[in-house]
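Please work through the following exercises with the sequence and the coordinates open, trying each task before reading its solution.

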Amino acid sequence: STLSSSSAASDVYKRQDIIRALSGTFDVTVLARALDGSDVDAARELQSWCERVITVPAPNRRSLLHRVAYKLAFSVRSLAGRRSLKSLYDCPSTLIARAAELASQSPFDLYLVEYWQLYPLFDVFPADRTVLLTHDIDLLVNRQIALMEKRLGAKLRAVRRWRVEEGEEVRTYQRSQRVLALTERDAHAVRKLSRGRADVRVLPFGVDPDYFAAPVGARAREVLFMGALSASFNRDALEYFA
């Protein structure tokens, strides 16, 4: 049996290729934080491949008052401690408690943890059966964002986020016995950051690259860019493209 844990149900929905592959050999249980009803609906669509799909409502999303209260509390904790806002929001105490309950009820053969910010789960899952799946090396991304930001306030916030999250991310890689990365470049970075402590391997993409590399005929004269322009890296990409 496998317990796959993700920071959000919508993210688990996007990883359905991994879940479908695991379901051929394992009875898969999915545990994920749900931001709203659409996340719960997305998670339900995984039920045909899973033994169980469990969603944990995000405690800060219950009401506007909860959002304000958690924003204040998490900001204070982040300033005073070593946890980033990212890990506080993505891995709340309610998710940790549900994960511990599941782990105590069933001795899973494999625990697949998606994203480094779920590192508090390392305290409730057995280390020798836990695998971290990383999709990006966030400290490298955050460093680039900090360099790209032009407005002083945005740059200062980006620098702080980079420095706070970097410590957590590096400690996560150093605690991990096994890590799956999506590219050889990321795998090399994790090996270096973990000081060789982690067994790092590349997980092949679940799509056929030849299909997308096939000739498409006449070149299009219009381009549609799907991305939030509030993100500095998206603005940078568009400026570079133009």
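**Exercise 1.** Determine whether G196 is buried or exposed, and where G196 is placed in the chain.

*Solution.* The model is a predicted one, in which local features need pLDDT of at least 70 and side-chain atom pairs count only at pLDDT 80 or more, whereas totals for chains, interfaces and linings use all residues. Residues are numbered from 1 along each chain as its sequence is written, and side-chain values use heavy atoms, with hydrogens and water left out. Buried means under 20% relative accessible area and exposed over 50%, with partly exposed in between (1.4 Å probe, protein chains only). Because its relative accessibility is 56%, G196 counts as exposed. G196 lies in the loop between α9 and β7 (199–202), where helices (H or I, at least four residues) and strands (E, at least two) are DSSP runs numbered from the N terminus.

**Exercise 2.** Compare the expected span of helix α8 with the separation of its end C-alpha atoms, and locate its bend.

*Solution.* The expected span is 1.5 Å times one less than the number of residues. For the 24 residues of α8 (residues 152–175) this gives 34 Å, which agrees with the 35 Å between the end C-alpha atoms. The helix nevertheless bends by about 25° at E166, the bend being the angle between axes fitted to the seven residues ending there and the seven starting there.

**Exercise 3.** Find what the buried residues of α8 pack against, and which residues N142 touches.

*Solution.* The buried residues of α8 include A154, A158, W162 and E165. The buried residues of this helix pack against α5 (85–90), β5 (130–133), α7 (138–148) and α9 (184–193). N142 is found in α7 and is buried, with a relative accessible area of 6%. Leaving aside residues up to four places away in sequence, N142 touches R161, W162 and E165, contact meaning heavy atoms within 4.5 Å.

**Exercise 4.** Identify which residues touch the most other members of the largest nonpolar core, and which element gives the largest share.

*Solution.* A nonpolar core is a set of buried Ala, Val, Leu, Ile, Met, Phe, Trp, Tyr and Cys residues joined through side-chain atoms within 4.5 Å. Of the 31 residues in the largest one, L3, L31, L121 and F125 touch the most other members. Its largest share, five residues, comes from α6. Beyond residues up to four places away in sequence, F125 touches L3, A99, A103, Y111, V113 and T130.
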